[in-house]
Amino acid sequence: MLSHIHIVLVGTTHPGNIGAVARAMKNMRMTSLRLVAPKIFPSADATSRASGADDLLSRARVCDTLREAIADCQVVFGASARSRTISWPELTPRQCAEEIFAKHPDEQIAIVFGREHSGLTNEELDMCRYLLHIPCNPHFSSLNLAAAVQVICYELFVAAGGGERKAIGDRGECPLATAEQMESFYDHLHETLVDIDFAQPGKSESIMRRLRRIYNRIELDTKEVDILRGILRMSQGHKKSRKQ
């Protein structure tokens, strides 16, 4: 029940942390590890810290960008210890597990962790539907990477073993759009906003971030994305015809 959930590590600096994460995952029957631009991998330190979970390391998928790593995923959670200037839908690990098994039991899920010292950038969090935050001592809130992964994998493990979960709602015949489809839609949306003079190139980050939040709340399926992109194409064509 956990094979559709992918742990994604972005820009990991210390290879030992990758091994420790693999060990934490295997403890909880998690099997899919994806690495985005790790500083050092493969590594003997990673294998040593994995303590028998080196099979996860050998199967780990290494990607150049976060966009590539989550391209096939329909729901993406971004782990962060920092608050953001624009509020983001925020879940605890338990709420995350409940969300996955109640609403997305058959969809590809990514849970993304950032760099050890700086976490995820705002641009990387833009690719995530939810902000995942682990409540802890406000006076000592620093969790190491493997500990953070362990907490979340534990909640997923418990939720997966809690009996059958009935999916909420009827999605019809169309699956949710993947992260790659959504990123292509956002690229097209931004291009259209510039074409119709609603936004200016390089000066619309705040607008796009808020628009992402709107569409993330809706949870678009593939057909809905196709319809919206058709509207965008018509808007672009109408603007060009008026100029002529």
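This is a short walk through the structure shown above, from its salt bridges to its backbone oddities.

Hi everyone, thanks for coming. One thing before we start: this is a predicted model, so please keep that in mind as we go along.

Let's begin with charges. How many salt bridges does the structure hold? The count is 12, and I'd like to show you a few of them.

Take R67 and D187. Their closest N and O atoms are 3.0 Å apart, and they form a salt bridge. R67 sits in helix 4, residues 66-69, while D187 belongs to helix 8, so this pair ties together parts that are 120 residues apart in sequence. As for the surroundings, R67 is partly exposed, at 24% relative accessibility, and D187 is partly exposed too, at 42%.

Next, look at K103 and E219, whose side chains meet in a salt bridge at 3.8 Å, N to O. Which parts does this one tie together? K103 is in helix 5 and E219 is in the loop between helix 9 and helix 10 (222-243), so the bridge ties together parts 116 residues apart in sequence. Here the two partners fall into separate classes: K103 has a relative accessible area of 27% and counts as partly exposed, whereas E219 is buried at 9%.

That pair also has company. E99, K103, R129 and E219 are linked in a network of salt bridges. Please remember R129, as we will meet that residue again in a minute.

One more pair, and then I'll move on. R212 forms a salt bridge with E183, with 2.9 Å between the closest N and O atoms. R212 lies in helix 9 and E183 in helix 8, so parts 29 residues apart in sequence are tied together by this pair. Are these two residues buried or exposed? Both R212 and E183 are buried.

While we are around helix 5, have a look at F101. This residue is in helix 5, which covers residues 93-103, and F101 is buried at 2% relative accessibility. Its C-alpha atom is 7.2 Å from that of A160, although the two residues are 59 apart along the chain.

Now for empty space inside the protein. Rolling a probe the size of a water molecule over the atoms shows where empty space is left. In this model there is one cavity of 30 Å³ or more. The largest cavity contains about 110 Å³ of space. Its lining is made of 16 residues, and those nearest the centre are M127, R129, A179, M182 and N216. So there is R129 again, the residue from the salt-bridge network. Which elements give two or more residues to the lining? They are strand 4 (75-79), helix 8 (179-195) and helix 9 (205-218). Helix 8 provides the largest share, with four residues.

On to cysteines, in case anyone was wondering about disulfides. A disulfide is a covalent bond between the sulfur atoms of two cysteines. How many does a search of the whole structure find? Zero. Why is C128 not in one? The closest cysteine sulfur to that of C128 is in C73, 11 Å away, which is too far for a bond. C136 tells a similar story: the closest cysteine sulfur is in C96, 16 Å away, again too far for a bond. C128 is buried, with a relative accessible area of 1%, while C136 is partly exposed at 35%.

Out on the surface, Y154, F157 and V158 form a nonpolar patch, with about 260 Å² of accessible area together. V158 lies in helix 7, residues 145-160, and is partly exposed at 40% relative accessibility.

Finally, the backbone. Most residues other than glycine have a negative phi, and most peptide bonds are trans. Here are some exceptions. F41 and P42 are joined by a cis peptide bond, with omega about 0 degrees. P42 is in the loop between strand 2 (32-36) and helix 2 (44-50).

R29 is not a glycine, yet its phi is positive, about 65 degrees. R29 is in the loop between helix 1 (15-27) and strand 2, and is exposed at 65% relative accessibility. D197, also not a glycine, has a positive phi of about 65 degrees. D197 is in the loop between helix 8 and helix 9, and is exposed, with a relative accessible area of 56%.

That's my tour. Thanks for listening!

Conventions:
Residues are numbered from 1 along each chain as its sequence is written. This is a predicted model: local features need pLDDT of at least 70, side-chain atom pairs count only at pLDDT 80 or more; totals for chains, interfaces and linings use all residues. Side-chain values use heavy atoms; hydrogens and water are left out. Patches are made of residues with over 30% relative accessible area and no salt bridge: like charges are joined within 9 Å, nonpolar side chains (Val, Leu, Ile, Met, Phe, Trp, Tyr) within 5 Å. Accessible areas come from the Shrake-Rupley method with a 1.4 Å probe; for residues, only the protein chains shown count as cover. A salt bridge is a side-chain nitrogen of Lys or Arg within 4 Å of a carboxyl oxygen of Asp or Glu. Buried means under 20% relative accessible area, exposed over 50%, partly exposed in between (1.4 Å probe, protein chains only). A disulfide is a pair of cysteine sulfur atoms within 2.5 Å. On a 1 Å grid over the protein atoms alone, a cavity is a set of points where a 1.4 Å probe fits but cannot get out, and a pocket is an open set with protein on both sides within 12 Å along at least five of seven lines; lining residues have an atom within 4 Å of a point. Grid points are joined across faces, edges and corners, and a volume is the space filled by probe spheres set on the points.
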